[in-house]
Structures are given as structure tokens and as C-alpha cells.
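Good morning, and thank you for joining. I would like to take you through one model, region by region, and I ask that you keep the structure in view as I speak.

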Amino acid sequence: QVQLVVSGGGLVQAGGSLRLSCAVSGRTLSSYTMAWFCQAPGKEREFVAAINWSRGRTYYSDPVKGRFTIYRDNAKNTVYLQMNSLKPEDTAVYYCATMFGVIAGPAGASQFDTWGQGTQVTVSS
């Protein structure tokens, strides 16, 4: 069974940083895309960032461009989301997901078939 284990969420003050980790077991990622989504109360699950595993091609939603960075560690089979300059509006549950193949840009949650458990990110003002 494929498992995505997410860690790194927490409570930070506005302007602070967090790094989320998503460690994948049970799957090699050379032909996959991994992504981060967020979901705030009463909102749809929204795309944050993605990376095509093999070549490291990345995509970001407009609100996080310049603040968040998605990157991978091939040896650890792990994808990270470095979150800097956090804002209260970033508060949400963040999910890691994967899909087979590549994407050409930001994608919808329905394109991803395997999900981690989510981790709460709370940014206080």
C-alpha cells in the first residue's frame, strides 16, 4: 500500500516559516508528479504547488509564488514545501498528493489519486 506521511505543520506568527515534509513509501516516484494542496474551513481543496519528480519541474499557485518553494530529495523519496513569509490567510490543512505522469501547470485535486493525511498550518496575526 502506498503511504504518504506528512509532517511539519504547526502554529507560527505572521512572517514566520514552516517546512512541510511528505515522505512516500511503497512507490518509486520517477514517473510521478507530487503536489501540495490546502483546504481552509468552508473552502474547496486548492492547489498550492507541484513538482514533476524526475526532472524537478515546479508549478505554484499565484498566492504563494515567491514565498513557497517545493523541492524533492530523491534519496529520501520525500517532497518538501518550504513556506516563508507566512500570512494568516495561509491558515489551512495542507495535503500531499501524488499522481502518475506529468502535468503542464497547476492542477485540480481530482487529478491526484493518492493522498496523505494532511497537516494543520495555523498562522497567527
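I should say at the outset that this is a predicted model. Let me begin with S17, which sits in the loop between β2 (10-13) and β3 (18-25). Is this residue buried, exposed or partly exposed? Its relative accessibility is 41%, so S17 counts as partly exposed.

What does S17 touch, once neighbours within four places in sequence are left aside? The contacts are V12, Q82, M83, N84, S85 and L86. With one of these residues, N84, there is a polar contact from side chain to side chain, at 2.8 Å. For a sense of separation across the model, take S17 and A75: they are 58 residues apart in sequence, and their C-alpha atoms are 24 Å apart in space.

S85, one of the contacts of S17, deserves a word of its own. S85 is placed in the loop between β8 and β9. Its phi is positive, about 50 degrees, although S85 is not a glycine. At 39% relative accessibility, S85 counts as partly exposed.

A positive phi also appears at N77, again about 50 degrees and again at a residue that is not a glycine. N77 belongs to the loop between β7 (68-73) and β8 (78-83). As for accessibility, N77 has a relative accessible area of 17%, and because the cut-off for buried is under 20%, N77 counts as buried.

I turn now to the cysteines. How many disulfides does the model contain? The count comes to one. The partners are C22 and C96, with their sulfur atoms 2.1 Å apart. The torsion about the S-S bond is -85 degrees, and the link between C22 and C96 is left-handed. C22 lies in strand β3 and C96 in strand β9, so this pair ties together parts that are 74 residues apart in sequence. Both ends are buried: C22 has a relative accessibility of 0%, and C96 likewise has 0%.

Why does C38 not form such a bond? The closest cysteine sulfur to that of C38 belongs to C96, and it is 13 Å away, which is too far for a bond; the cut-off for a disulfide is 2.5 Å between the sulfur atoms. C38 is itself buried, at 14% relative accessibility.

C38 brings us to the largest pocket, as it is among the residues closest to the pocket centre, together with E46, P63, E89 and D90. The volume of this pocket is about 270 Å³, and 18 residues line it. Which strands each supply at least two residues of the lining? They are β4 (32-39), β5 (46-52) and β9 (92-100). Of the elements that contribute, β5 gives the most, with three residues. Sorted by class, the lining consists of nine nonpolar, three polar and six charged residues.

Strand β9, which we have met both in the disulfide and in the pocket lining, also holds T98. With a relative accessible area of 0%, T98 is buried. Residues up to four places away in sequence not being counted, T98 touches L4, R27, L29, Y32, T33, M34, F112, D113 and T114. What does the side chain of T98 find at T33? A polar atom of the T98 side chain lies 3.1 Å from the backbone oxygen of T33.

My final residue is Q117, in the loop between β10 (114-115) and β11 (119-124). Q117 counts as partly exposed, at 48% relative accessibility. Beyond residues up to four places away in sequence, Q117 touches L4, V5, V6 and Y95. The side chain of Q117 reaches the backbone oxygen of V6 at 2.8 Å. Q117 and Y94 are 23 residues apart along the chain, and their C-alpha atoms are separated by 8.8 Å.

To close, I would ask you to keep two pictures in mind. The first is the buried residue T98, whose contacts include L4. The second is the partly exposed residue Q117, whose contacts also include L4. Thank you for your attention.

Technical notes
Residues are numbered from 1 along each chain as its sequence is written. This is a predicted model: local features need pLDDT of at least 70, side-chain atom pairs count only at pLDDT 80 or more; totals for chains, interfaces and linings use all residues. Side-chain values use heavy atoms; hydrogens and water are left out. Helices (H or I, at least four residues) and strands (E, at least two) are DSSP runs, numbered from the N terminus. Buried means under 20% relative accessible area, exposed over 50%, partly exposed in between (1.4 Å probe, protein chains only). Contact means heavy atoms within 4.5 Å. A polar contact is a pair of N or O atoms within 3.5 Å; within protein, one must be able to donate a hydrogen and the other to accept it, and residues adjacent in sequence count only if both atoms are side-chain atoms. On a 1 Å grid over the protein atoms alone, a cavity is a set of points where a 1.4 Å probe fits but cannot get out, and a pocket is an open set with protein on both sides within 12 Å along at least five of seven lines; lining residues have an atom within 4 Å of a point. Grid points are joined across faces, edges and corners, and a volume is the space filled by probe spheres set on the points. Ala, Val, Leu, Ile, Met, Phe, Trp, Tyr, Cys and Pro count as nonpolar, Asp, Glu, Lys and Arg as charged, and the others, Gly among them, as polar.
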